[in-house]
Amino acid sequence: MPLLYHHPVSANSRFIRLAIGEIDFECDLVEEPFWQRRAEFLKLNPAGRLPVLVAANGYALAGANVIAEYLDEVHGVLKRNKRLMPEDPYSRAETRRLTEWFLDKFDQDVTIPL
């Protein structure tokens, strides 16, 4: 079963949990204390940022945009009425722009000084 490393106060994590719910994707949630910079977590994402999805094949995908597009391309494409991204390339570009803006503005909580 895929694992999503997340934290409740992370906007990026909330964004991915919403995306997972939209396409009915099943995964186990692992609450990650990102400020502890655990060695096991840093092996998955050396940047130490959330969220990280470990897919069923064992590959780790780091970052909200990366995970959302992966979920849409691999799992959402079969659920046309629940796709995360529009079919039209210009609409997809606008969705990416707005997503990037949102995540940049609201995810100020994951930068922890060393």
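In the predicted model, strand β1, helix α1 and strand β2 together make a β-α-β unit that is right-handed. The two strands of this unit, β1 and β2, pair in the parallel sense, and four bridges join them. Within this pairing, Leu-3 has Asp-28 of β2 as its bridge partner, while Tyr-5 stands opposite Val-30, likewise in β2. Strands of a sheet pair through backbone hydrogen bonds, in either a parallel or an antiparallel sense.

The unit belongs to a chain whose secondary structure comes to four helices and four strands, and whose elements, followed from the N terminus, run β-α-β-α-β-β-α-α. The four strands form an open sheet of mixed pairing, in which their order is β2-β1-β3-β4. At the edges of this sheet lie β2, covering residues 28–31, and β4, covering residues 60–62, each of which pairs on one side only. From one strand to the next, the twist averages 20°. Strand β1 (residues 3–6) also pairs with strand β3 (residues 52–54), here in the antiparallel sense and over three bridges; in this pairing Leu-4 stands opposite Leu-53 of β3. Helix α1, which spans residues 11–22, packs on the sheet and touches both β1 and β2, its direction making about 150° with that of β1.

The nonpolar interior was examined next. Of the 114 residues of the chain, 34% count as buried. In soluble globular proteins, nonpolar side chains tend to be buried together. The largest nonpolar core has 13 residues, and those that touch the most other members are Leu-4, Ile-16, Ile-20, Phe-25, Leu-53, Ile-67 and Leu-71. Two or more residues of this core come from each of the helices α1 and α3, and α3 gives the most, with four residues. Another core, of six residues, lies apart from the largest one and includes Phe-34, Phe-41, Leu-50 and Val-54. The surroundings of Leu-53 can be described in further detail: when its neighbours within four places in sequence are left aside, Leu-53 is in contact with Pro-2, Leu-3, Leu-4, Phe-25, Tyr-59, Ala-60, Leu-61, Ile-67, Tyr-70 and Leu-71. For the chain as a whole, among contacts between residues at least 6 apart in sequence, 58% join residues at least 24 apart.

Aromatic side chains were considered separately, and the structure holds two aromatic pairs. In one of them, the ring centres of Tyr-5 and Phe-41 are 5.9 Å apart and the ring planes lie at 50°, so the pair is classed as tilted. This pair links distant parts of the chain, since Tyr-5 lies in strand β1 whereas Phe-41 lies in helix α2 (residues 39–44), the two being 36 residues apart. Both Tyr-5 and Phe-41 are buried. The other pair, formed by Phe-34 and Trp-35, is edge-to-face, with 5.2 Å from centre to centre and 80° between the planes. The two partners of this pair are not equally accessible: Phe-34 has a relative accessible area of 6% and is therefore buried, whereas Trp-35, with a relative accessible area of 44%, is partly exposed.

Towards the later part of the chain, Glu-73 has its place in helix α3, which comprises residues 64–74. With a relative accessible area of 54%, Glu-73 is exposed. Between Glu-73 and Arg-83, which are ten residues apart in sequence, the distance in space is 8.7 Å from C-alpha to C-alpha.

Conventions: Residues are numbered from 1 along each chain as its sequence is written. This is a predicted model: local features need pLDDT of at least 70, side-chain atom pairs count only at pLDDT 80 or more; totals for chains, interfaces and linings use all residues. Side-chain values use heavy atoms; hydrogens and water are left out. Two strands pair if DSSP finds at least two bridges between them. Axes are lines fitted to C-alpha atoms, for helices over the stretch in contact, and angles run from 0 to 180 degrees between N-to-C directions. Contact means heavy atoms within 4.5 Å. Rings of Phe, Tyr and Trp (its six-membered ring) pair if their centres lie within 6.5 Å; planes under 30 degrees apart count as stacked, over 60 as edge-to-face and the rest as tilted. Buried means under 20% relative accessible area, exposed over 50%, partly exposed in between (1.4 Å probe, protein chains only). A crossover is right-handed if, with the strands pointing away from the viewer, the path from the first strand over the helix to the second runs clockwise. A nonpolar core is a set of buried Ala, Val, Leu, Ile, Met, Phe, Trp, Tyr and Cys residues joined through side-chain atoms within 4.5 Å.
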